[in-house]
Amino acid sequence: MGNLTATRPPQPWTAPTASDPVSASLRLPGSKSMTNRALVLSALATGPSTLAKPLRARDTELMAAGLRAMGAHVSIADDERWLLRPHRLVGPAHVDVGLAGTIMRFVPPVAGLADGQVTFDGDPAARTRPLGPLIEALRSLGVRIDTTGPGSLPLVVQGTGRVTGGEVVIDASASSQLVSGLLLAAPRFDRGLVVRHVGPPVPSAPHLRMTVRMLRAAGAAVDDSTTDVWVVEPGPLTGRGWEIEPDLSGAVPFFAAALVTGGEVTLQGWPRGSAQPVELLRPLLEQMGAEVALTTEGLTVRGGGRVHGLHADLSDVSELTPVLAALAMLADSPSVLTGVGHIRGHETDRLAALAREFTALGADVTEEPDGLQIRPRPLRGGMFRTYDDHRMAHAAAVVGLAVPGIELDDVACTSKTMPEFPALWSTMVTGKS
Ligand SMILES: O=C(O)C1=C[C@@H](OP(=O)(O)O)[C@@H](O)[C@H](O)C1
Ligand SMILES: C=C(OP(=O)(O)O)C(=O)O
């Protein structure tokens, strides 16, 4: 089992500096987003499912534990193949969401389908992540939810074994996961579900497409042809074999290393027709000076020895902001990153944290309401706080390739999505395992 508790001791770490261009061909862990969707859909299915090459990390182990607590039979002993046999969902049960957006937004709708009470809580920082619109949406669908705070964790879902469903209006501008969570459980609602988003744009559109694609793969009828409206017909979900792709977002710091050092990194096992937004990542890396190639070996990123600044709206790929901001710190021209105001509600307020920590290392960064402006200048080593945020750790590691003496206060936060990050990174940079 990985590290499931929030009370793990901090693990200080000095980011290794690269003396040579990196050259690596890596097999990286499975996608968090796909693994947790597959677990939820499998728990709601009529028959057993397998997950091939799932992600084993805190977010996915906590998801497995939460579904197991509600009655699903989940076996995660084999790293290569997890098994899920659905079972009647029941309370009382407790779900520890950790700091996982996917658990806090995907599981309460499932709990509405459980017979009995299901309590939810998580890390202190999880209590500040946006959840209110989902709570209100579920309440409007007839699910009883008790909260002590204003629209956040901890909460208690008083499941009755069924959810009527129908139509719901939600402002999902704080997170696409608010919609994904409703959609994943929706085929099991008596009347299915129509979700209408009203408000500023929903971020992370590719993750919504992944939700729809995986629902359809499990046999659901979903219409997403009208912008900001999703229609899910009621009906059974079928158990199936899920092939989990390597995690593209987890690969991005490794690709960034190719850029910073003028090296080459290949992510093995990259599928054609991926459910992840590689077509959006590619032009971003190319603008910053990379060559990106999809070959039979995998997805390869080659750096040209210089990093260029980036002017981009990152709302579709917002979880990449910390690493792209790190690259921008090392670029030969300024960057303007926009469209990501909502990442203030990610694991930490990422815009504030990036501006604060890189400024402390000598960077010239302006924090905007919805992004960052970065004017590169020489940085110095020093302490870099990660705020329990795996992608802050990735950002610090990327800058550490070129700036000696960057010390992370805690690299163990990478266990959220890639417990092996420090080891893989050090091996890639130093060539020693
Ligand atoms: O559904 C998902 O798996 C995710 C959706 C996105 O969330 P937001 O829409 O909150 O950005 C993304 O940033 C997160 O890492 C994973
Ligand atoms: C925003 C992220 O995570 P979560 O799934 O917890 O929202 C992330 O991984 O960058």
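Q: Which are the buried residues of helix H9?
A: They are Thr321, Pro322, Val323, Leu324, Ala325, Ala326, Leu327, Ala328 and Met329. This is a predicted model, in which local features need pLDDT of at least 70 and side-chain atom pairs count only at pLDDT 80 or more, while totals for chains, interfaces and linings use all residues. Residues are numbered from 1 along each chain as its sequence is written, with chains lettered from A and ligands numbered from 1 in the order in which they are written.

Q: What makes H9 (residues 321-329) a mostly covered helix?
A: Nine of its nine residues are buried, that is, each has 20 or more other C-beta atoms, placed from the backbone, within 10 Å of its own (12 or fewer would be exposed, in between partly exposed). The helix label comes from DSSP (runs of H or I with at least four residues; strands are E runs of at least two; both are numbered from the N terminus).

Q: What do the buried residues of H9 pack against?
A: Their partners are H7, helix H8 (278-287), strand E19 (335-338), helix H10 (350-360), strand E21 (371-375) and H11. A contact here means C-beta atoms within 7 Å.

Q: How do you know where the buried residues of H12 lie, seen down the axis?
A: Helix H12 (residues 421-430) has Phe421, Pro422, Leu424, Trp425, Met428 and Val429 buried. They fall within an arc of 165°, so they line one face of H12; the arc is taken over the directions from the helix axis to the C-beta atoms. Their cover includes strand E1 (13-14), strand E2 (23-26), helix H7 (248-261) and helix H11 (390-400). Just after H12 comes Gly431, with a positive phi near 80°.

Q: Why are H5 and H6 described by the word they get, given how they pack?
A: Helix H5 (residues 177-185) and helix H6 (residues 205-217) pack at about 5°, with axes 10 Å apart. The axes are lines fitted to C-alpha atoms over the stretch in contact, and angles run from 0 to 180 degrees between N-to-C directions. Angles under 35 degrees count as roughly parallel (over 145 roughly antiparallel, 65 to 115 roughly perpendicular, the rest oblique), so H5 is roughly parallel to H6. At their contact, Val179, Ser180, Leu183 and Leu184 of H5 meet His207, Leu208, Thr211 and Leu215 of H6.

Q: What surrounds ligand 1?
A: Its shell holds Ser33, Gly101, Thr102, Ser175, Ser176, Gln177, Ser180, Pro203, Ser204, His207, Ser318 and Glu319, each with its C-beta atom within 6 Å of the ligand. Helix H3 (101-112) and H5 each supply at least two of these residues.

Q: How many nonpolar, polar and charged residues are in the shell around ligand 1?
A: There are one nonpolar, 10 polar and one charged. Ala, Val, Leu, Ile, Met, Phe, Trp, Tyr, Cys and Pro count as nonpolar, Asp, Glu, Lys and Arg as charged, and the others, Gly among them, as polar.

Q: How do you know whether Ser204 is buried or exposed?
A: Ser204 has 25 other C-beta atoms within 10 Å, so it is buried. It sits in the loop between strand E11 (193-197) and H6, and its phi is positive, near 55°, although it is not glycine.

Q: What does Asp228 count as, with 15 C-beta neighbours inside 10 Å?
A: That count makes Asp228 partly exposed. Asp228 also has a positive phi, about 65°, and lies in the loop between strand E12 (222-223) and strand E13 (229-232).

Definitions and conventions:
Two residues are in contact if their C-beta atoms, placed from the backbone, lie within 7 Å.
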